[in-house]
Amino acid sequence: MLRFQFLLFLIIFSATSFAQKRPNIVLIYTDDLGYGDLSCYGATKIKTPHIDKLAAKGLRFTNGFATSATCTPSRFSLLTGKYAWRKSGTNIAPGNAGLIIPTETPTLPAMLQKAGYKTGAVGKWHLGLGPDGGPDWNGTIKPGPLEIGFDYCFLIPATADRVPTVFMENRHIINLDPKDPIEVNYKKKVGNEPTGEENPELLKMKLSEGHAQTIVNGISRIGYMSGGKKHFGKMKNWPLISQGNL
């Protein structure tokens with residue numbers, strides 16, 4: 001009996017010790033970053049001192065493979081451990097796509113939650129939000145990151161170069177005026193907002209192929225959007241990016 005209690009104590013003590021030593025995990029995931037773009041991997045034309053510092057104090061991998069060269073499918077694979085090409089709908093998602101990761105799918109953040117971690121996602125999402133057909137941007141937006149393993153999120157729903165150009169915290173667009181609801185469409189124009197194709201004189205940057213639709217902060221985006229004026233007023237520093245994905 002005493003032996004059993006001692007063993008139980010050791011197990012509890014070991015679990016407690018492990019919890020105290022559990023490391024923080026910060027995963028920085030970027031689009032269009034090549035192996036030769038970081039000075040810690042030998043780049044000479046540009047310097048990346050902050051990332052180099054992280055590499056020096058952490059782990060630096062020297063052999064790896066990408067499941068996809070584009071944003072949505074690579075994120076899908078990272079979070080699920082599955083090849084995106086094995087599931088339909090995992091190509092580059094439009095800004096109003098529904099969540100492409102089924103909520104019953106085991107994910108990396110959900111596994112970390114079970115291990116006792118608090119999880120969060122900040123930045124570009126681009127994995128769809130809401131049910132099939134897309135979310136109600138003016139209500140509670142779910143399912144989303146919180147339904148697949150994240151405790152907190154602060155996101156741009158898709159990319160900075162496509163609508164909706166909004167910031168979202170957890171399940172709601174921040175600072176949204178219910179009297180000025182947001183509508184998004186990728187097939188036809190909605191509302192009376194100027195577009196890059198119709199009003200090039202309003203642009204701060206020349207439009208590029210595919211970026212000829214609703215103008216937000218002087219930049220022509222992919223897709224059509226109306227509403228959300230109050231939100232935009234608070235988000236004057238929204239990225240002035242019209243090409244590629246962030």
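In this predicted model, the side chain of Thr159 makes a polar contact with the side chain of Asp161 at 2.3 Å. The Thr159 side chain also has a polar contact, at 3.0 Å, with the side chain of Arg162. All of this happens out of the solvent's way as far as Thr159 goes: with a relative accessible area of 1%, Thr159 falls under the 20% cut-off and so counts as buried. As for its setting, Thr159 sits in the loop that runs between β2 and β3.

That loop has something else to offer. Pro164 is also placed between β2 and β3, and the peptide bond leading into Pro164 from Val163 is cis, with omega near 0°. A cis bond turns up again at Pro143, where the peptide bond from Lys142 has omega near 0°. Pro143 belongs to the loop between β1 and β2.

Stepping back to the overall layout, the protein comes out with five helices and eight strands. Along the sequence these are arranged as α-α-α-α-β-β-β-β-β-β-β-β-α. Of the 246 residues in the protein, 41% are buried. The exposed surface adds up to about 15,300 Å², and 58% of that is supplied by carbon and sulfur atoms. On the contact side, take the pairs of residues at least 6 apart in sequence: 60% of their contacts join residues at least 24 apart.

Now for the interior. The largest nonpolar core has 23 residues, and the ones touching the most other members are Leu79, Ile101, Trp125, Leu127, Trp137 and Ile182. Two elements, α3 and β2 (residues 152-156), each give two or more residues to this core. Trp137 is worth a look on its own. Setting aside neighbours within four places in sequence, its contacts are Gly95, Asn96, Leu129, Pro157, Pro164, Ile173, Leu176, Ile182 and Val184. One of these partners, Pro164, is the residue that follows Val163 across a cis peptide bond. Another, Ile182, is itself among the core residues that touch the most other members.

Helix α3 spans residues 71-80, and it does not see much of the outside. Nine of its ten residues are buried, so α3 is largely enclosed by the rest of the structure. The buried set is made up of Cys71, Thr72, Pro73, Ser74, Arg75, Phe76, Ser77, Leu79 and Thr80. What do the buried residues of α3 pack against? They pack against α4 (108-114) and β1 (120-124). Just after the helix comes Gly81, with a positive phi near 75°.

Leu78 is also part of α3, but its relative accessible area is 32%, which puts it over the 20% limit for buried residues and under the 50% limit for exposed ones, so it counts as partly exposed. Leu78 joins Leu27, Tyr29 and Leu108 in a nonpolar patch on the surface. Together, the four residues of the patch have about 340 Å² of accessible area. Its neighbour Leu79, by contrast, is buried and is listed among the best-connected members of the largest nonpolar core, those that touch the most other members.

Backbone angles bring up two asparagines. Asn170 has a positive phi of about 55° although it is not a glycine, and its place is in the loop between β3 and β4 (172-173). Asn170 has 25% relative accessibility, so it is classed as partly exposed. Asn175, likewise not a glycine, has a positive phi of about 55°. This residue is found in the loop between β4 and β5. Is Asn175 buried or partly exposed? At a relative accessible area of 31%, Asn175 is partly exposed.

A third asparagine, Asn199, is in the loop between β5 (183-185) and β6 (215-216). Leaving out residues up to four places away in sequence, Asn199 touches Pro194 and Ile215. Asn199 and Gln213 are 14 residues apart along the chain, and their C-alpha atoms are separated by 9.6 Å.

Conventions. Residues are numbered from 1 along each chain as its sequence is written. This is a predicted model: local features need pLDDT of at least 70, side-chain atom pairs count only at pLDDT 80 or more; totals for chains, interfaces and linings use all residues. Side-chain values use heavy atoms; hydrogens and water are left out. Patches are made of residues with over 30% relative accessible area and no salt bridge: like charges are joined within 9 Å, nonpolar side chains (Val, Leu, Ile, Met, Phe, Trp, Tyr) within 5 Å. Accessible areas come from the Shrake-Rupley method with a 1.4 Å probe; for residues, only the protein chains shown count as cover. A salt bridge is a side-chain nitrogen of Lys or Arg within 4 Å of a carboxyl oxygen of Asp or Glu. Helices (H or I, at least four residues) and strands (E, at least two) are DSSP runs, numbered from the N terminus. Buried means under 20% relative accessible area, exposed over 50%, partly exposed in between (1.4 Å probe, protein chains only). A nonpolar core is a set of buried Ala, Val, Leu, Ile, Met, Phe, Trp, Tyr and Cys residues joined through side-chain atoms within 4.5 Å. Contact means heavy atoms within 4.5 Å. A polar contact is a pair of N or O atoms within 3.5 Å; within protein, one must be able to donate a hydrogen and the other to accept it, and residues adjacent in sequence count only if both atoms are side-chain atoms.
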